[in-house]
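This report goes through a predicted model. Please keep the sequence and the 3D view at hand.

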Amino acid sequence: ILESNRSWLNDNIINATQSLLKNRYGTPGLQSTLLTTIHQGCVVGGEEFVQVLHSGGNHWLAISTIGCPYSTVNIYDSMCFTVPESTQKQICALLMSHEPNIKLRFVNVDKQKNGSDCGLYALAFCAALCAGDEPQDIMFSKTDMRAKTFVAMLYPK
């Protein structure tokens with residue numbers, strides 16, 4: 001999957017890579033996408049966090065509260081500037097909030113060139129955030145992202 005330029009990343013790849021990022025950087029969040037989809041994930045204590053979410057259909061995006069004011073979540077999406085209600089509910093569950101006044105702030109990040117690389121971009125955005133970088137300042141190379149994800153899975157620190 002990671003070596004092909006046309007393959008979609010599935011939840012197993014997303015979760016494994018999130019686990020590697022969490023182990024490497026210690027960044028809160030990075031939970032199983034299954035937990036967030038069924039609204040069972042939560043970030044305890046209001047910590048700043050990073051997370052990949054499955055956002056309706058066959059789409060992945062990254063969210064984070066790193067550097068955000070209270071009740072604000074940054075959305076890093078390589079394709080869209082809106083999120084479905086189901087994704088908004090996932091975000092509320094992560095924040096342990098039932099408030100409708102959570103502010104979703106879409107960050108203008110590099111956009112994918114096809115319909116199958118959203119998972120790759122979501123992971124790249126998370127990796128950048130975990131490393132202390134700003135995803136909006138990075139132009140990502142699809143081939144490089146696939147290679148780095150593959151190497152990270154084979155050789156975690």
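Which residues of H4 are buried? They are Cys118, Gly119, Leu120, Tyr121, Ala122, Leu123, Ala124, Phe125, Cys126, Ala128, Leu129 and Cys130.

## Helix H4

Helix H4 covers residues 118-130. The helix is mostly covered, with 12 of its 13 residues buried. Its length can be checked. At 1.5 Å a residue, the 13 residues should span 18 Å. The end C-alpha atoms of H4 are 18 Å apart, which agrees with that expectation.

H4 lies across strands S1, S2 and S3. The helix runs at about 20 degrees to S2. Just after H4 comes Gly132, which takes a positive phi of about 90 degrees.

## The sheet

The sheet is open and has 4 strands. Their order is S1-S2-S3-S4, and the pairing is mixed. The edges are held by strand S1 (50-54) and strand S4 (103-107). Each has a single partner strand, so one side of each is left without a neighbour in the sheet. On average, neighbouring strands of this sheet are turned by 30 degrees against each other, direction ignored.

Strand S2 spans residues 60-64. S2 and S3 pair in the antiparallel sense, over 3 bridges. One detail of the pairing involves Ser64: its bridge partner in S3 is Asn74.

## Helix H3 on the sheet

Helix H3 (residues 85-94) also packs on the sheet. H3 touches S1, S2, S3 and S4. The direction of H3 makes about 150 degrees with that of S1.

Thr87 lies in H3. Is this residue buried or exposed? At 0% relative accessibility, Thr87 counts as buried. Its contacts, leaving aside neighbours within four places in sequence, are Leu53, His54, Ser55 and Gly56.

## Aromatic pairs

A pair of aromatic rings is described by the distance of the centres and the angle of the planes. How many aromatic pairs does the model hold? The count comes to 3. In one of them, the rings of Tyr76 and Phe125 have their centres 6.3 Å apart. Their planes stand at 45 degrees. That angle is neither under 30 degrees nor over 60, so the pair is tilted.

This pair links distant parts of the chain. Tyr76 sits in strand S3 (residues 72-76), whereas Phe125 belongs to helix H4. The two are 49 residues apart. Tyr76 is buried, at 2% relative accessibility. Phe125 is buried too, at 0%. Ring pairs link Tyr76, Tyr121 and Phe125 into a cluster.

## Cysteines

A disulfide is a covalent bond between the sulfur atoms of two cysteines. How many disulfides does a search of the whole structure find? The search finds 0.

Why is Cys126 not bonded to Cys130? Cys130 holds the closest cysteine sulfur to that of Cys126, but the distance is 6.3 Å, too far for a bond. The cut-off for a disulfide is 2.5 Å. Cys126 is buried, at 0% relative accessibility.

Cys92 is buried as well, with a relative accessible area of 19%. The limit for buried is under 20%, so Cys92 meets it.

Terms used
Residues numbered from 1 in each chain as written. Predicted model: local features only at pLDDT ≥ 70, side-chain atom pairs only at ≥ 80, totals over all residues. Heavy atoms only, no water. Phe/Tyr/Trp six-rings, centres within 6.5 Å; stacked < 30°, edge-to-face > 60°. Buried < 20%, exposed > 50% of the residue type's maximum accessible area, 1.4 Å probe, protein only. Pairing = 2+ DSSP bridges. Axes fitted to C-alpha atoms, helices over the stretch in contact; angles between N-to-C directions. Contact = heavy atoms within 4.5 Å. Expected span 1.5 Å × (residues − 1).
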